Amino acid sequence: MQIQVQDLEHRYQSAGSPALSKLSHTFEAGTLTGITGPSGAGKSTLLYLLALMLTPSAGSIRWDDQDVQDLADADRARLRARHVGFVFQDAVLDLSRTALDNVMEAGWLAGLRREESASRAQELLDRFGVGARATYRPGEVSGGQAQRIALCRALVKNPEIIFADEPTGNLDSESADVVWRALADAASEGAIVIVATHDSKRVAKLPNRLQLVP
Ligand SMILES: Nc1ncnc2c1ncn2[C@@H]1O[C@H](COP(=O)(O)OP(=O)(O)OP(=O)(O)O)[C@@H](O)[C@H]1O
Ligand SMILES: [Mg+2]
């Protein structure tokens, strides 16, 4: 699979200066790309556009041969549920449900059976060191734990495309290692993995980098 953007531009208000301007780039399956740039450069905006959560003001986004920038909301939602795992900059979990349910739900929405979703969810929570928090609600865990639960939710459906927005911002370096390793593993298994981060030391080691300028 491939995601190709051409002259991509986004303005949040018609009068304001663009949050992202004239970006052209291709993201290939099996690669992990680090998106860098100062605060306000448009990293989160780019991820929202690529993940079909925002409609660009100009330019095109292709997933393989399909133009996806102008799809109807329901079609975008279906593509996202099936193919995309997204880790938001601030976790964004359902506060009324347990960690396990938060993760499992993403599996169901992608079409996994209940038992499969549950076992994969628990496996992932264990892998990222938050298995013992499976029955806790997001309000009862730390920021770094919530971030790891959000990563589990993104990974549970084995998505072809993974977006992670500053996924290690609240983590100690040992937990961050585990997260970066998991993202690299997903890429080596064939996913397109795109990570926005201020962690310039890690990004320096990545073969694929995209720097945004405000
Ligand atoms: N909902 C919004 N409405 C209006 N402007 C917005 C909105 N979201 C972001 N912006 C503006 O768009 C620009 C890009 O923001 P964005 O969040 O993409 O930056 P970023 O690179 O992710 O920054 P950070 O490193 O702080 O997360 C900024 O100038 C920001 O103020
Ligand atoms: Mg951001």
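Hi everyone. Strands here are DSSP runs of E at least two residues long, numbered from the N terminus. With that in hand, we can start at strand β1, residues 2–10, where we find L8. Please keep in mind throughout that this is a predicted model.

So, is L8 buried or exposed? A residue counts as buried if 20 or more other C-beta atoms lie within 10 Å of its own. L8 has 25 of them within that distance, so L8 is buried. Leaving aside residues up to four places away in sequence, L8 touches L20, L23, L49, P56, G59 and I61. There is also S57, which sits 49 residues from L8 along the chain, yet their C-alpha atoms are separated by 7.8 Å.

Now to the sheet. Five strands make an open sheet, ordered β6-β7-β8-β3-β9, with parallel pairing. The edges are β6, residues 84–87, and β9, residues 208–211, and each of these pairs on one side only. From one strand to the next, the twist averages 15°.

Let's walk across it, beginning at the β6 edge. β6 pairs with β7 in the parallel sense through four bridges, and V87 stands opposite A164 in β7. On the other side, β7 and β8 run parallel and are joined by five bridges; I161, for instance, has I192 of β8 as its bridge partner. Over at the β9 edge, four bridges join β9 to the parallel strand β3, residues 31–36. There, T33 has N208 in β9 as its bridge partner.

Let me stay with β7 for a moment. How many of its five residues are buried? Five of the five, so β7 is largely enclosed by the rest of the structure. Both faces are covered: I161, F163 and D165 are buried on one side, and I162 and A164 are buried on the other.

Next, the helices. Helix α1, residues 43–50, lies across β3, β7 and β8, and runs at about 155° to β8.

Then there is a helix pair to look at. Two packed helices are described by the angle between their axes and the distance between those axes. For α5, residues 143–155, and α6, residues 173–188, the axes come within 12 Å and cross at roughly 10°. Angles under 35 degrees count as roughly parallel, and α5 and α6 are therefore roughly parallel to each other. Which residues make the contact? From α5 we have G144, R148, L151 and L155, and from α6 we have S175, V179, A182 and A186. These contact residues divide into five nonpolar, two polar and one charged.

On to the ligand. Around ligand 1 you'll find Y12, A19, G37, S39, G40, A41, G42, K43, S44, T45 and Q89. This shell breaks down into three nonpolar residues, seven polar and one charged.

Last, two backbone spots that are worth a look on your screens. D64, in the loop between β4 and β5, is not a glycine but has a positive phi of about 50°. The other is A91, in the loop between β6 and α3, with a positive phi near 65°.

Which of the two is buried, and which is exposed? D64 has 10 other C-beta atoms within 10 Å, so D64 is exposed. A91 has 21 C-beta neighbours inside 10 Å, so A91 counts as buried.

That's my tour. Thanks for listening, and I'm happy to take questions!

Notes: Residues numbered from 1 in each chain as written. Chains lettered and ligands numbered in written order. Predicted model: local features only at pLDDT ≥ 70, side-chain atom pairs only at ≥ 80, totals over all residues. Pairing = 2+ DSSP bridges. Axes fitted to C-alpha atoms, helices over the stretch in contact; angles between N-to-C directions. Contact = placed C-beta atoms within 7 Å. Near = placed C-beta within 6 Å. Nonpolar A, V, L, I, M, F, W, Y, C, P; charged D, E, K, R; others polar. Parallel < 35°, antiparallel > 145°, perpendicular 65-115°, else oblique. Buried ≥ 20, exposed ≤ 12 C-beta atoms within 10 Å, placed from the backbone.
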